[in-house]
Amino acid sequence: MTVVAPELSPAMLARQAEFPILKQPIRGQRLVYLDNGATTQKPQVVIDAERDFYERSNANIHRGVHWLSQHATDLYDQARVTVQKFLHAARPEEIVFTRGTTEAINMVAYCWGMSNLKQGDEILLTELEHHSNIVPWQFVAQHTGALIKVVPVLDSGELDLTAFQALLSERTRLLAMNHVSNALGTVNPIQAMTRAAQAVGAKVLIDGAQAVAHAVVDVQAIGCDFYVFSAHKLYGPTGMGALYARYDILDGMVPWMGGGDMIQTVSFEGSTYAPVPQRFEAGTPNIAGTIAMAAAIDYVQEVGLEAIAQHEHDLLTYATAALLDIKGLRIIGTGPHKAAIASFMLDDIHPHDLGTILDMDGIAIRAGHHCAMPLMTRLGLPATARASFALYNNTADVDALVAGIYKAKKLFGVG
Ligand code: PMP
């Protein structure tokens, strides 16, 4: 069967030229980068923003009376407003800069979970979670005596919403779940699930690591209490991200890291803390990274998240049809709502072997458990191969992947 390639927007296709790394051959061949779920490549404007900061604006923030320090502080404060508007938070004070999704979840676990949960309380997770949204809650459970409950996943990779409803009770104090599954690409019905969890009095944390680069996110429309993401999956720098927390909740949270910048007064008898969000940003932060993260947000907004979503949807539809056309290939995660991720198994070839063979042709995919071991156990798989898309991918990338898979089948004698 011939799978017809979609007509992609020429404006979107032209964006590839803005990513310097994509011009670099890998193993002497054109780089086909399909590991965007792990991290995205960076456009020149983001690289320039980080370099420009060091070339023209570098100084420590908040503490200086001199021009450069005030200038750097202004840039840092503007970056917070950029993130606020990006997530449609009500006020900039609701945004805490973090090292990424992992740190943001741990911050909520330590600064909210440790002091608000107690024996008998329940933390509701889902079978789709990344380890970073499981392990911090195990710390909290061990420390407080709270119990972890898990929303099961259906064979399609969608959450079992009937089971979810049945798990909710007045004991549920927190629902912590991802917006989009990094392993399967399932887009979860977070708005409805948030409402249902809040109706029994629970707080809701949404892990948006795999969502923010693929769709418009509006935390007020979702209604969640916490939303977290990483900049590096959003065309921004590594080691940067943010926590959104509703102001009243953030204001009631206890700090976990002490040091400079998070205090109001310090004496040996005791200290008082700065208002939020500074209370949660002890020490000199990644100032250049924060500014580069804001540049990445400006970039995706300039490209347009609706346009990105359409482009990636067309690519994913094309890739899914082309992959399913390969004998012995099975897509893992077949729900109707998916974002930019195709996870699959090929005959009985181990995904690691497939990934290694594709790499010989400059094709970068991910093979493994995707930091979602409980999900792999549920699906009865050791690992999957995962191709994940970004705004700079095109149908030639999908065609290269498909050709690479046929080559691997030949090599393994399953052609
Ligand atoms: N949650 C999800 C859904 C993810 O995909 C990832 C990254 N793979 C994380 C959390 C962790 O993000 P980071 O490593 O940037 O903190």
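# A tour of the pockets, the ligand and the cavities

Start with two helices. Select α7 (190-199) and α11 (305-324): each supplies at least two residues of the lining of the largest pocket. Keep in mind that this is a predicted model.

**Stop 1: the largest pocket**

Which helix gives the most to this lining? Colour α11, which contributes seven residues and gives the most. The pocket itself has a volume of about 590 Å³. In total, 28 residues line this space. To find its centre, select Val187, His313, His337, Lys338 and Ala339, the closest lining residues to that point. Now colour the lining by class. You should count 14 nonpolar, eleven polar and three charged residues.

**Stop 2: the ligand**

Go to the ligand next. The space it takes is the second largest pocket. Show the residues around the ligand as sticks. Begin with Thr101, Thr102, His130 and Ser132, which are among them. Add Asn182, Asp207, Ala209 and Gln210, also part of the group around the ligand. Finish the shell with Ser230, His232 and Lys233.

What classes make up this shell? Eight of its residues are polar, two are charged and one is nonpolar.

Zoom in on three distances.

- Asp207: one of its polar side-chain atoms lies 2.5 Å from a nitrogen atom of the ligand.
- Gln210: an N or O atom in its side chain is 2.7 Å from a ligand oxygen atom.
- Thr101: here the backbone takes part, with an N or O atom 3.5 Å from an oxygen atom of the ligand.

How much of the ligand does the protein cover? On its own, the ligand has 400 Å² of accessible area, and the protein covers 84% of that.

**Stop 3: the cavities**

Next comes enclosed space. Rolling a probe the size of a water molecule over the atoms reveals where empty space remains. Across the whole structure, a search finds two cavities of 30 Å³ or more.

Take the largest cavity, which holds about 40 Å³ of space. Select Gln16, Leu22, Arg30, Leu31, Val32 and Tyr33, which are part of its lining. Then add Tyr392, Asn393 and Asp397, which also line the largest cavity. By class, this lining has five nonpolar, two polar and two charged residues.

Now move to the second largest cavity, with about 30 Å³ of space. Its lining includes Asn36, Gly37, Gln210 and His214. Ala340, Ile341, Ser388 and Phe389 line it too. You have met Gln210 already: this residue is one of those around the ligand, and it also lines the second largest cavity. How many charged residues does this lining have? There are no charged residues, but three nonpolar and five polar ones.

**Stop 4: two backbone details**

Switch to the backbone. Find the loop between β10 (270-273) and α10 (287-303), where Pro277 lies. Is the peptide bond from Val276 to Pro277 cis or trans? This bond is cis, with omega near 5°.

Last, select His88. This residue lies in the loop between α3 (67-87) and β2 (95-98). Check its phi angle. His88 is not a glycine, yet its phi is positive, at about 55°.

Methods:
Residues numbered from 1 in each chain as written. Predicted model: local features only at pLDDT ≥ 70, side-chain atom pairs only at ≥ 80, totals over all residues. Heavy atoms only, no water. Near = heavy atom within 4 Å. Polar contact = N/O pair within 3.5 Å; in protein donor to acceptor, adjacent residues only side chain to side chain. Areas by Shrake-Rupley, 256 points an atom, 1.4 Å probe, with all protein chains shown as cover. 1 Å grid on protein atoms, 1.4 Å probe; cavity = no way out; pocket = protein on both sides within 12 Å on 5 of 7 lines; lining within 4 Å. Sits in = over half its atoms within 2 Å of the grid points. Nonpolar A, V, L, I, M, F, W, Y, C, P; charged D, E, K, R; others polar. Points joined across faces, edges and corners; volume = space filled by probe spheres on them. Helix = DSSP H or I, 4+ residues; strand = E, 2+ residues; numbered from the N terminus.
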